[in-house]
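Student: I am new to this structure and would be grateful for a close look at a single part of it. Please begin with one loop and then relate the account to its surroundings.

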Amino acid sequence: RIEQNAHSLSDRNLSLIQVFDAKLELLRRLQYINDYNMLELKGHVCCTINSAYELMVTELIFEDAFNDLSPAECVALLSCLTAQDKSATEPPKLPENLGNIKEKLVQLAGWLGAIQHECGIDTNPEHYTETALKFGLMLVAYEWANGKPFHEICQMTTVLEGSLVRCIT
């Protein structure tokens, strides 16, 4: 019993409680849970996403970010969240439609990073944006979704074919 009490009062356990409380506060502010810690609609949607930055994708869905986009633009947007290869260099100039999508993603990531920081989660908004978004394959994914042959999009990037397939499928 003394060991149990010592563990529950340990510094490590108390710091975990602070992190847990900060994350609960974030979920409340984003309206993923209510004041009774019960899941709201946004929370349920977020729970079903398991392939990218769940908070960002959920916010995109609830902001209707996909409504005015073509299917190819949706693919390009999502590629920024699923690209894993750090060697993908960003294309020198994105078409205007993709540039607008990029700007919207950067704003959303900065906003999410700032809210996390405000809630006491150890996150730097700029660093969060840099780690969450990778724009190197955005144009490649867009061209693939528009029907460009795979061998041609492979020539648009230095990313290995396997990494490219994982990003666009």
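Tutor: In this predicted model, Gln31 lies in the loop between α2 (11–29) and α3 (41–48). The phi angle of Gln31 is near 65 degrees, a positive value in a residue other than glycine. Most residues other than glycine have a negative phi. Because its relative accessibility is 54%, Gln31 counts as exposed, the cut-off for that class being over 50%.

Asn37 also lies in the loop between α2 and α3. Its phi, near 60 degrees, is likewise positive in a residue other than glycine. Asn37 has a relative accessible area of 39% and is therefore partly exposed.

Beyond the loop, a nonpolar patch on the surface is formed by Leu41, Ile61 and Phe62, which together have about 270 Å² of accessible area. Phe62 belongs to helix α4 (residues 54–62), and it counts as partly exposed because its relative accessibility is 33%.

The interior may now be considered. The largest nonpolar core has 36 residues, and those with the most contacts inside it include Met56, Leu60 and Met138. Helices α2 and α4 are among those that each supply at least two residues of this core, while α6 gives the most, with seven residues. Leaving aside neighbours within four places in sequence, Met138 is in contact with Ala76, Ser79, Cys80, Leu94, Leu98, Ile101 and Lys102. Apart from this core lies another, of ten residues, among them Ala83, Val140, Ile153 and Cys167.

Notes:
Residues are numbered from 1 along each chain as its sequence is written. This is a predicted model: local features need pLDDT of at least 70, side-chain atom pairs count only at pLDDT 80 or more; totals for chains, interfaces and linings use all residues. Side-chain values use heavy atoms; hydrogens and water are left out. Patches are made of residues with over 30% relative accessible area and no salt bridge: like charges are joined within 9 Å, nonpolar side chains (Val, Leu, Ile, Met, Phe, Trp, Tyr) within 5 Å. Accessible areas come from the Shrake-Rupley method with a 1.4 Å probe; for residues, only the protein chains shown count as cover. A salt bridge is a side-chain nitrogen of Lys or Arg within 4 Å of a carboxyl oxygen of Asp or Glu. Helices (H or I, at least four residues) and strands (E, at least two) are DSSP runs, numbered from the N terminus. Buried means under 20% relative accessible area, exposed over 50%, partly exposed in between (1.4 Å probe, protein chains only). A nonpolar core is a set of buried Ala, Val, Leu, Ile, Met, Phe, Trp, Tyr and Cys residues joined through side-chain atoms within 4.5 Å. Contact means heavy atoms within 4.5 Å.
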